Amino acid sequence: MIHLTRLSLLAAGLLATAVLAQNSRKPPEKIAPYFRPPAELANDLGAYRSPLKFEDGRTVKNAADWKKRREEILQLWRQRLGAWPALIQKPEVEYLAKEPRENFTQHRVRLEVAPKHKTDGYLLVPEGKGPFPAVLVVFYEPETAVGLKEAKLRDFAYQLAKRGFVTLSIGTPSSYYYPNAQQVEIQPLSSLAYAAANCANALAAMPQVDPKRIGVTGHSYGGKWAMFASCLYEKFACGAWSDGGIVFDEQRSNVNYWEPWYLGWDPDVKRKAGIPNAENPRTGAYKRLMEEGRDLHELHALMAPRPFLVSGGSEEPKERWKALNHSIAVNKLLGYENRVAMTSRPTHDPTPESNEALYTFFEWALKR
């Protein structure tokens, strides 16, 4: 009995040590600085309402409280954006064509992303023995991310496949307006997140993929899409969001969550494109979220303790750390460090340096 107790204590001690090491696992030196806000913004929470406050004003005090608060945030946002249909646990994947490319095989695929909706894309599978980590890459169309278009520095799926990741590249699916453009039941950006969640399930069912090591990324429009997907679906192990706008900001026309093709869909109101004003007011879910004083930092908090990287450009000034500090606070409550990072560049377009940081982030977060 004493012997078993000692063994149990030893096992518990080893487990605790392993958990502590995992919780504090440091990123590699070349991206470690991106996990620290500028000194002048450290601990600056801005005017954002803390995610560590329940809707009734109570304070989240421990991990058990956070589990309840997280569910509260998730349900509230799903209610505002429209309830998802049931997830497709094993989406159908059709393999249409196949060709070798460098150190991976490229498959042209068609996969199920929503009930009665399919989309075409590319699946890149590295040579060698898996299972491999995987990354879903989202953009307007699937060719850019696999390097089949002229657009430079947006070939995330191609670059990650060369580094040993299974990658799936998709473009805007027909389920963008779900179930159709005449009867929209989900705000379009949430519908995109739902499609991405089903893509994650498709990847998880593939024998070449480790289902616990799946991330998601995208640039600009794809950055918005990747952020909503990873925040709203916990089976994404991590996310990297490239300059999509991580908070509501009506001073910047490209941070345009108010548009009907993102969060401003309203069947009874047609508004002109552009920043909301008295003549062209807010609409749809965006209008209600703004009236309630909500912002996207609440979604960021849903990532905890999963790591995420903001690949920031012209739409992500350093003041965005005020919103990110709330996610740092949630992770700290849960006993985690090095879970929130942001790189900065002056341009909206990615740079070789910002992309290298993004690829290094995925290698750190998923190649364990």
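This is a guided tour of the structure above, stop by stop, with a selection to make at each one.

The model is a predicted one, in which local features need pLDDT of at least 70 and side-chain atom pairs count only at pLDDT 80 or more, while totals for chains, interfaces and linings use all residues. Residues are numbered from 1 along each chain as its sequence is written, and side-chain values use heavy atoms, with hydrogens and water left out.

**The sheet**

Begin with the strands, which, like the helices, are DSSP runs numbered from the N terminus (E, at least two residues, for strands; H or I, at least four, for helices). Nine of them form an open sheet with mixed pairing, in the order 1-2-3-5-4-8-9-10-11, where two strands pair if DSSP finds at least two bridges between them. Strand 1 (93–101) and strand 11 (340–344) are the edge strands, each pairing on one side only. On average, neighbouring strands of this sheet are turned by 20° against each other, with direction ignored.

Now select strand 1 together with strand 2 (104–114): the two run antiparallel and are joined by eight bridges, and Glu99 stands opposite Gln106 in strand 2. Their hairpin has two residues between the strands, and there Glu102 takes a positive phi near 50°. Further along, Lys116 sits in the loop between strand 2 and strand 3 and has phi near 70°, again a positive value in a residue other than glycine. Lys116 counts as exposed because its relative accessibility is 86%, given that exposed means over 50% relative accessible area, buried under 20% and partly exposed in between (1.4 Å probe, protein chains only).

**Strand 5 and its partners**

Move next to strand 5 (residues 166–170), where five of its five residues are buried. In a regular strand the side chains alternate between the two faces of the sheet. Here both faces are covered, with Val166, Leu168 and Ile170 buried on one side and Thr167 and Ser169 buried on the other. Strand 4 (residues 132–138) runs parallel to strand 5 and is joined to it by five bridges; Val135 stands opposite Thr167, and the bridge partner of Val138 is Ile170. Strand 3, by contrast in direction, is antiparallel to strand 5 with four bridges, and Tyr122 stands opposite Ser169.

Between strand 3 and strand 4, look in the loop for Pro131, which is joined to Gly130 by a cis peptide bond with omega of about 5°. Another cis bond leads from Tyr178 to Pro179, with omega near 0°, and Pro179 lies in strand 6 (residues 179–180).

**Helix 4 across the sheet**

Select residues 188–204 to show helix 4, which lies across strands 1, 2, 3, 4, 5 and 8 and runs at about 130° to strand 2. Angles here run from 0 to 180 degrees between N-to-C directions, and axes are lines fitted to C-alpha atoms, for helices over the stretch in contact. Helix 4 is mostly covered, as 16 of its 17 residues are buried.

**Helix 5 and helix 2**

Which loop holds Ser220? Ser220 is in the loop between strand 8 and helix 5, where its phi is near 60°; with 18% relative accessibility, it counts as buried. Helix 5 follows at residues 221–232, with end C-alpha atoms 17 Å apart, in agreement with the 16 Å that its twelve residues should span at 1.5 Å a residue, the expected span being 1.5 Å times one less than the number of residues. Twelve of its twelve residues are buried, including Tyr221, Trp225 and Phe228.

Add helix 2 (residues 63–81), whose axis comes within 11 Å of that of helix 5 and crosses it at roughly 130°. The two helices are therefore oblique to each other, since angles under 35 degrees count as roughly parallel, over 145 as roughly antiparallel, 65 to 115 as roughly perpendicular and the rest as oblique. Arg70, Leu74, Arg78 and Leu81 in helix 2 meet Phe228, Cys231 and Leu232 in helix 5, contact meaning heavy atoms within 4.5 Å.

**Helix 6 and a last stop**

Helix 6 (residues 284–291) has an axis that comes within 9 Å of that of helix 2, crossing at roughly 140°. Show Trp77, Arg80 and Leu81 of helix 2, which meet Ala285, Arg288 and Leu289 of helix 6.

Finish at Thr360 in helix 9 (residues 352–366), which counts as buried at 3% relative accessibility. Leaving aside neighbours within four places in sequence, Thr360 is in contact with Pro28, Lys30 and Ile31.
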